[in-house]
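Colleague: Could you take a close look at one part of this model for me, namely the salt bridges, and set them against the chain as a whole?

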Amino acid sequence: MKIKYLIWLLPIVLVFSSLTFSQQTTKENVVKPDVQSPASPEVKKEEIATAALKAVSFNNGVSTFVNSKVKFELVSKDNVATDKILYKLNAGNELEYKEPFAIYEEGKHVISYYAVDKVGNKEDAKSFKVVVDNTPPVVNVSVSAPIIKSGDKLYASKNFTFVVEAKDALSGVQSVQYSIDKSNYQPYLTPFTIPAEGDISLSIKAMDNVTNYTEKYTMVAKDENGNPINLTDGNVSIFVDNKAPIVEIRPDKELLDKNGRKIATSDYNYTVSASDAESGLSSILVRLDGKGEFKTYAGAIKFDTNGEHLIEAKAVDKVGNVSPVAVLSVFVDIIAPDTTIKAIE
């Protein structure tokens with residue numbers, strides 16, 4: 001009877017033992033990533049924070065710059081046979097070189113390395129200094145006059161000058177390009193204006209010396225109340241408004257025309273109006289009788305002195321386009337007739 005029970009229990013014991021052994025083996029064979037290794041398996045390629053287009057190294061005559069797509073290879077020669085190559089990154093642990101490795105942390109680094117041959121001859125340690133740059137240039141666009149947001153649009157004019165400034169803290173800026181149509185790019189060399197009329201898209205491309213690349217830039221616009229608006233996404237759509245406002249001067253009554261001269265009396269009122277089809281009106285300015293500077297139009301104009309009078313008016317839109325000066329010349333007659341009587345024989 002006992003033998004039967006033992007035979008029945010034997011498969012269960014074997015299965016349990018097999019599972020236990022398997023779990024122990026699995027735990028013991030787990031390879032923990034070596035956090036000191038620049039080629040640590042815990043760092044996945046898709047997690048490398050670099051804006052570089054390709055693996056590039058660059059030397060400016062003083063320092064060597066790379067991005068994290070660049071790998072470092074150690075090769076040793078010996079008259080008999082090299083046993084191993086050892087290296088370490090900065091003050092990290094010494095590692096045996098197995099395959100090319102990359103450095104993922106941005107900044108200055110020192111790679112120390114040496115080889116040992118099969119009979120124990122040890123090479124003097126060497127070092128290689130390198131700067132890892134994974135950050136693209138920072139680009140800022142400044143404008144000679146404020147870009148205005150009116151409604152849902154941003155407005156500029158052909159008189160606006162755009163200045164592009166790109167800075168890179170490590171390897172330095174290699175190139176900056178700009179476009180107003182998202183397709184035809186040209187090198188940025190000097191400040192530029194945009195003579196085109198209508199909608200444009202201001203695009204910037206900047207790259208540093210290890211191909212870290214960006215299309216983002218910052219630019220400041222203003223709302224209708226003069227408050228700043230920070231634009232940070234790049235590819236900013238702007239309407240270039242090159243049309244000046246239309247301005248007009250009107251009397252409230254019809255003027256008398258005598259020999260080409262417009263005649264009025266002191267009870268006439270003159271109003272100035274203006275319109276702008278795009279960015280909108282900023283101000284209306286007037287000057288009376290050609291005296292002094294143009295001043296902001298404050299309401300209906302009247303003349304109460306006899307003689308020639310002159311009204312000049314102009315309008316300015318929100319991006320600085322100024323209308324031609326409108327002129328109205330009138331002769332104000334406030335002198336009553338003088339009648340005499342005589343007898344005729």
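Modeller: What follows begins with the chain and then turns to three of its charged pairs. The model is a predicted one, and its chain has one helix and 25 strands. Of the 345 residues, 34% are buried, and the chain exposes about 22,000 Å², of which carbon and sulfur atoms supply 53%. Among contacts between residues at least 6 apart in sequence, 59% join residues at least 24 apart.

The structure holds nine salt bridges, and one of them deserves the closest reading: arginine 287 pairs with glutamate 312, with 2.9 Å between the closest N and O atoms. Because arginine 287 belongs to strand β22 (residues 281-288) and glutamate 312 to strand β24 (residues 307-317), this pair ties together parts that are 25 residues apart in sequence. Arginine 287, with a relative accessible area of 21%, is partly exposed, whereas glutamate 312, at 12%, is buried; the cut-off for buried is under 20%, so the two partners receive their separate labels from these values.

Two further salt bridges can be set beside it. In one, the side chains of lysine 126 and glutamate 123 meet at 3.1 Å, N to O, with lysine 126 partly exposed at 42% relative accessibility and glutamate 123 partly exposed at 27%. In the other, glutamate 248 and arginine 250 meet through their side chains, again at 3.1 Å, N to O; here glutamate 248 is partly exposed at 35% relative accessibility, and arginine 250 is partly exposed at 48%.

Conventions
Residues numbered from 1 in each chain as written. Predicted model: local features only at pLDDT ≥ 70, side-chain atom pairs only at ≥ 80, totals over all residues. Heavy atoms only, no water. Helix = DSSP H or I, 4+ residues; strand = E, 2+ residues; numbered from the N terminus. Buried < 20%, exposed > 50% of the residue type's maximum accessible area, 1.4 Å probe, protein only. Contact = heavy atoms within 4.5 Å. Areas by Shrake-Rupley, 256 points an atom, 1.4 Å probe, with all protein chains shown as cover. Salt bridge = Lys/Arg side-chain N within 4 Å of Asp/Glu carboxyl O.
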